[in-house]
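Biologist: Can you walk me through this fold? Keep it short, please.

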Amino acid sequence: MSIDLALVGATGAVGRTALDILAERDFPIGRLRLMASARSAGKKVSTAWGKVEVEDLDEADPGGVEVAIFSAGASRSEAHGPRFVEAGAVVIDNSSCFRMDPRVPLVVADVNDHALESHEGLIANPNCTTMVLMMAVAPLHRAAGLRSMVATSYQSVSGSGQKGMAELSDQIEQFRDDQPALAQGRWTDPGTEVYSRPIGFNVLPLAGSETRRGYTDEEWKLVNESRKILDLPGLAVEPTCVRVPVMVGHGLAASMWFDRPLDRSEAVRILSAAPGVEVWEDIPPTPLDSAGRDRTLVGRVRETVGAPGGINLWAVGDNLRKGAALNTIQLAERLKL
């Protein structure tokens, strides 16, 4: 069975990654359509299915599209997602637009696939940070019942798209020959566009935009999306989201407590058997290790010491792959059209 598929936001970082993954997984495409903003319209993109001209999303006719993967931002998803659904497509949306809509399933492949059965044409892809965390948390939750969690993210700049990656590159280049000044606090502000403070050789303890109660939108996503995906509306989550000078790969340190105590050996056994997870026991996995991999890497699995009975762990994943593009394609593969 072949599927007529539209990739919306095809020229962005996630869109380009999605094209590579579709080819790698030999996705059964009948007709491939690429769509983006008017700025990119008319460009011809080389794909495994030949050269495809990018269409202007605002003018594109969604007729005939069976599955549409949206990675073009919340405003475009809100404006165009429903009209694709009305034309008969199933929309898998990678933005924040529909995630907390109770009518729209929020799905992580291999975690809550059953939620796909309730879709009404729209399916939401979780935030890339939540996605990485859920791959490690969900297997333990299924075994022991998650009650509370403290999670700190270390998010790469590719989570901010091409502009975030360019800003990091530019600032590293500017700071490269100014190491004594960096060490003595006499550095010259390189200027920022994407982030509020310099990201080169730095750590920003505020990823996202500050909203209510002093928490950022990224932190609230970690709270609310975890609750929805795990179907735990009362789950206690303490989040902190940090931006780090890494190109690709989000890392998370998580402490979790369950309905019953878990020891390290059982946690490692559960995680080692979980689909989409790879446990590293000899060395801790890093963002560099995760880049280009489909699996979420888990390491530093330890029993909690301050409040015994829980598990501490470190998880890292490629935020452009499993954190975004790969998951949408896995969901498309699981659809019953």
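Modeller: One term to begin with: contact means heavy atoms within 4.5 Å. Helices (H or I, at least four residues) and strands (E, at least two) are DSSP runs, numbered from the N terminus. Axes are lines fitted to C-alpha atoms, for helices over the stretch in contact, and angles run from 0 to 180 degrees between N-to-C directions. This is a predicted model: local features need pLDDT of at least 70, side-chain atom pairs count only at pLDDT 80 or more, and totals for chains, interfaces and linings use all residues. Residues are numbered from 1 along each chain as its sequence is written, and side-chain values use heavy atoms, with hydrogens and water left out.

Biologist: Fine. Which strands does helix α1 lie across?

Modeller: Helix α1 (residues 13–24) lies across β1 (3–8), β2 (29–36) and β3. Its direction is at about 155 degrees to β1.

Biologist: What's the strand order in the sheet of seven?

Modeller: The order is β3-β4-β2-β1-β5-β6-β7, in an open sheet with mixed pairing. Two strands pair if DSSP finds at least two bridges between them. At the edges, β3 (44–47) and β7 (122–124) each pair on one side only.

Biologist: How many bridges link β5 and β6?

Modeller: Four, in the parallel sense, between β5 (residues 67–70) and β6 (residues 90–93). V67 has V90 as its bridge partner in β6.

Biologist: Now the sheet of six. Which strands stand at its edges?

Modeller: The order there is β9-β8-β10-β13-β12-β11, again open and mixed. β9 (236–243) and β11 (277–279) stand at the edges with a single partner strand each, so one side of each has no neighbour in the sheet. The twist averages 20 degrees from one strand to the next.

Biologist: What does α3 touch on that sheet?

Modeller: α3 packs on β8, β10, β11, β12 (296–303) and β13 (311–317). Its direction makes about 25 degrees with that of β10.

Biologist: And how does α3 sit against α9?

Modeller: Helix α3 (residues 128–144) and helix α9 (residues 321–334) pack at about 90 degrees, with axes 8 Å apart. That makes α3 roughly perpendicular to α9 (65 to 115 degrees counts as such). C128, M131 and M135 of α3 meet K322, G323 and N327 of α9.

Biologist: Last topic, the cores. How many residues are in the largest nonpolar core?

Modeller: It has 59 residues. A nonpolar core is a set of buried Ala, Val, Leu, Ile, Met, Phe, Trp, Tyr and Cys residues joined through side-chain atoms within 4.5 Å. Buried means under 20% relative accessible area (1.4 Å probe, protein chains only). The largest share of this core, 10 residues, comes from α3.

Methods:
Parallel < 35°, antiparallel > 145°, perpendicular 65-115°, else oblique. Buried < 20%, exposed > 50% of the residue type's maximum accessible area, 1.4 Å probe, protein only.
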